[in-house]
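This report concerns a predicted model. Please look over the sequence and the structure shown here before reading on.

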Amino acid sequence: MNQKREYDIHTIIKNHPYLLGNEFENLNLKHEKVYQDRTRADFVFADNGLSIVVEVKKGYIDAEMLVQALHYLDNEKKENPRRFLKGILVGSGIVNTLENEIKKSGYEFQIKLLDVDIPTNIKICDKCRRANSLFSTLCRYCNSKKFIIDPFLFQ
Ligand SMILES: [Zn+2]
């Protein structure tokens, strides 16, 4: 793997939240949101009616990660009792038993896999300046073929 192209996935999501889905672009983002109990969620996206807690790690999505996300969702619920709450877990895979745990949690969760749903090696479209997988030939947002290879050149 070319180390120069591999950026931290937290940095990628912070700078390019639409990689989680188009709707994330229009939500307010708190990176590393700290709660009163001093715990810290990786990302919380929100608007008046909605809070989405996003937990990210490079390894497999496991029970420990789910427990953390549930804790942050409970905190969000306390802060904003009327909002619709949702969790997103991002990792390189998911342990077998977790789907069941998620169902039992009572919260809605989405699983997103690195290099499947979210690229970890990115390049920036020369035209629309959005992040694409390093391996794309066409920009998925504007179909341009020209890319800037250093994704953080314009930060
Ligand atoms: Zn583009």
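The text below takes up the domains, the largest nonpolar core and the packing of one pair of helices.

The chain of this predicted model is divided into domain 1, residues 6-118, and domain 2, residues 121-155, and the centres of domain 1 and domain 2, taken over C-alpha atoms, are separated by 25 Å.

In soluble globular proteins, nonpolar side chains tend to be buried together. The largest nonpolar core here holds 31 residues, and the members that touch the most other members are Ile13, Val53, Val54, Ala69 and Leu89. The elements in the table each supply at least two residues of this core.

| Element | Residues |
|---|---|
| Helix 1 | 9-15 |
| Strand 2 | 40-47 |
| Strand 3 | 50-56 |
| Helix 2 | 63-79 |
| Strand 5 | 84-91 |
| Strand 8 | 122-125 |

Helix 2 gives the most to this core, namely five residues, while domain 1 and domain 2 each contribute at least three residues to the core. When neighbours within four places in sequence are left aside, the contacts of Val54 are Leu20, Asp42, Phe43, Phe45, Ile88 and Val90.

How do helix 2 and helix 3 pack, at what angle and how far apart are their axes? Helix 2 and helix 3, the latter spanning residues 98-105, pack at an angle of about 15°, with their axes 10 Å apart; the two helices are therefore roughly parallel to each other, and the crossing of helix 2 and helix 3 is right-handed. On the side of helix 2 the contact is made by Ala63, Leu66 and Leu70, and on the side of helix 3 by Leu98, Glu101, Ile102 and Ser105.

Note on methods: Residues numbered from 1 in each chain as written. Predicted model: local features only at pLDDT ≥ 70, side-chain atom pairs only at ≥ 80, totals over all residues. Core = buried A, V, L, I, M, F, W, Y, C linked by C-beta atoms within 7 Å. Buried ≥ 20, exposed ≤ 12 C-beta atoms within 10 Å, placed from the backbone. Helix = DSSP H or I, 4+ residues; strand = E, 2+ residues; numbered from the N terminus. Domains from an automatic or database assignment. Contact = placed C-beta atoms within 7 Å. Axes fitted to C-alpha atoms, helices over the stretch in contact; angles between N-to-C directions. Parallel < 35°, antiparallel > 145°, perpendicular 65-115°, else oblique. Left-handed = near helix turned anticlockwise from the far one by under 90°.
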